[in-house]
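Me: I'm a first-year student and I'd like a close look at just one part of this model. Could you take me through the sheet and what sits around it, in plain words?

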Amino acid sequence: MQVIQVKDNSKDLVLVTELPPFLVADLIKCPSLPTLPSVAIKILKIARSENPSVNDYANAIEHDPALTMRIITLANSAFFSRTPTRVSACSEATARLGLDTTLAAVMSFSLLQNKGIDAYYQRVWMRSIIASLAARQLAINLCPDMAGQVFTASLLQDIGIIALRETYPKDSNTLYTEEALSHRQLSESEQRLFGCDHSQVGAWLAAKWGVPVALAQRICDSHSEYDIASPDKLCVQLSGPIADAWLSSHPAQSLVTVIREFETYQGAHTISLRLLLENIKQQLPALADMLQMVAPPLLDNESLLSEAQQLLFKQTLQLNARLESQQAELASLRQRQDELEERSRTDRLTGLANRAWLEEQLQKRFLLCQEQSLIMSVVFIDLDHFKKLNDKYGHQLGDQVLERFGKALQALIREGDLAGRWGGEEFLVILPDEDARAAQVFAKRIAQRLEKTPMAHNAQEPIHVSVSIGIACLDDGGFGSADELIDAADKCMYFIKRTGRGGIAVYGERGAQ
Ligand SMILES: Nc1nc2c(ncn2[C@@H]2O[C@H](COP(=O)(O)OP(=O)(O)OP(=O)(O)O)[C@@H](O)[C@H]2O)c(=O)[nH]1
């Protein structure tokens with residue numbers, strides 16, 4: 001029977017995920033939920049007091065001879081013993097271990113005594129033990145003042161598994177089995193089944209027992225996002241994957257993940273993983289022994305690390321190769337997309353802009369001119385007597401003429417101009433920043449080119465064509481839209497058609513509108 005009142009700290013805990021009410025009810029109802037023996041409760045009470053002292057701890061522990069012996073043994077182990085002097089009294093042992101480690105040792109020992117330990121628990125505890133050693137070593141590098149607290153939190157980080165396994169023995173058969181789900185997969189499965197994972201349950205349970213809230217909080221945060229700003233959190237968070245690698249059946253492969261994580265997190269990348277693993281190797285037997293557990297066979301860290309580095313190198317090469325091929329694929333997709341876009345704006349026969357693209361560009365250019373008080377001219381060109389040409393020489397030759405004319409037009413424009421086929425034998429050229437005079441010069445050049453250059457041959461006979469051209473410039477007519485501008489140029493072109501073809505008319509000039 002517990003003689004000391006447990007202080008419930010669970011209300012002060014900030015959980016990442018609130019425990020669903022059904023889960024809290026089930027946990028509270030669970031008859032086999034781990035409880036703490038009175039000695040651990042006493043220790044926790046002292047831990048919560050204003051000025052806990054190692055002597056107070058020692059006095060509480062001494063009531064339990066088995067625990068006392070374990071604590072003394074632990075204090076004399078290589079892990080804690082920096083001098084050859086052996087301690088023989090509980091007070092000396094607690095002084096050597098420090099408050100946090102004593103608290104962690106008492107709680108873990110009590111929990112392990114309390115529950116019969118099967119193979120699965122053995123594995124869970126071994127993970128916690130290795131994690132606690134890793135976390136402590138990380139903390140010595142990253143936040144030495146918090147090494148003790150980090151050690152304790154890491155040792156207790158998986159107690160939620162015990163609580164969940166006891167509360168839901170049926171689900172546990174599939175979830176908590178010997179076949180190792182990765183820790184992350186386990187956490188995801190727990191989330192699905194219980195609405196939260198064991199880090200939250202463990203934190204809640206520890207707070208219920210009355211452990212200091214800061215400790216429960218660290219248990220809670222053991223699975224949260226990596227936090228570079230809180231090195232103490234980071235130590236606990238990194239400790240799990242290190243323990244997983246240690247216990248993995250493919251340790252080198254698992255170490256690759258750890259190396260990657262070390263490289264990612266500022267601070268952690270300066271820590272020697274080699275030294276860290278060596279430390280675990282040295283300290284594991286004593287801590288396992290204190291908790292009456294059998295440590296797994298120790299690893300040859302040297303060859304393990306070099307294997308992991310090789311794997312990492314290979315994976316990086318593969319990753320780079322994959323990245324390169326993805327980039328090449330992306331480039332070819334982009335090129336294909338560019339080609340498709342280009343095709344969607346191009347008139348197939350002449351290679352010039354098609355009508356849709358001309359209209360789009362005209363609208364854009366018109367708005368720009370309005371906004372920035374710019375000018376532009378449009379030149380509307382219609383081939384003369386094209387029907388006759390088709391009728392006389394055939395459609396194919398007609399096509400050839402259109403194609404050659406397109407090429408000639410393209411050769412005559414300057415960068416920034418846009419020439420396109422408006423439809424049939426009609427063409428349109430947009431001349432940004434050009435007034436009617438400049439557009440007229442351009443139109444004359446077209447007419448001259450057509451005079452000089454035949455657009456096709458029929459049995460060696462050169463075939464010349466002429467064009468009727470209408471020009472409208474934005475600053476000549478107070479045009480309200482791009483359509484009105486085209487309309488004006490079109491009308492001018494028709495004026496030429498009506499008055500004999502083969503000429504140029506400018507909007508606003510005598511007779512042309
Ligand atoms: N070969 C060919 N002919 C086309 C194409 N598109 C339109 N045409 C022809 O171009 C001719 C245009 O005839 P009209 O609109 O009467 O014009 P026109 O004969 O040039 O007479 P005017 O414009 O008054 O000088 C029609 O016979 C159309 O069939 C084309 O892609 N290829």
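Which residue in strand 3 does R421 stand opposite?

Reply: R421 stands opposite F427. Keep in mind as we go that this is a predicted model.

Let's start with the two strands that pair of residues belongs to. Strand 2 covers residues 418-423, and strand 3 covers residues 426-432. They pair in the antiparallel sense, with five bridges between them. Together they make a hairpin, and there are two residues between the strands. Have a look at G424 in that turn: its phi is positive, at about 50 degrees.

Now zoom out a bit. The hairpin strands belong to an open sheet of five strands, in the order 2-3-1-6-7, and the pairing is mixed. Strand 2 and strand 7 (504-506) are at the edges, and each has a single partner strand, so one side of each is left without a neighbour in the sheet. Going from one strand to the next, the twist averages 20 degrees. As a bit of background, strands of a sheet pair through backbone hydrogen bonds, and they can do that parallel or antiparallel.

You've seen the antiparallel sort in the hairpin, so hop over to the other edge for the parallel sort. Strand 6 (residues 467-473) and strand 7 run parallel, joined by three bridges. Here I471 stands opposite V506 in strand 7.

Something lies across this part of the sheet, too. Helix 22, residues 482-498, lies across strand 1 (376-383), strand 6 and strand 7. Relative to strand 6, helix 22 runs at about 145 degrees.

Next, the ligand. It is surrounded by 17 residues, and G424, the glycine from the hairpin turn, is among the closest, along with D384, F386, K387 and G398. Strand 1 supplies at least two residues of the shell, and so do helix 19 (386-393) and helix 20 (395-412). If you sort the shell by type, you get eight charged residues, five polar and four nonpolar.

And how confident is the predictor? The average pLDDT for the chain is 88, and 95% of the residues score at least 70. For the model, ipTM is 0.96 and pTM is 0.62.

Note on methods. Residues numbered from 1 in each chain as written. Predicted model: local features only at pLDDT ≥ 70, side-chain atom pairs only at ≥ 80, totals over all residues. Pairing = 2+ DSSP bridges. Helix = DSSP H or I, 4+ residues; strand = E, 2+ residues; numbered from the N terminus. Axes fitted to C-alpha atoms, helices over the stretch in contact; angles between N-to-C directions. Contact = placed C-beta atoms within 7 Å. pLDDT = per-residue confidence, 0-100. Near = placed C-beta within 6 Å. Nonpolar A, V, L, I, M, F, W, Y, C, P; charged D, E, K, R; others polar.
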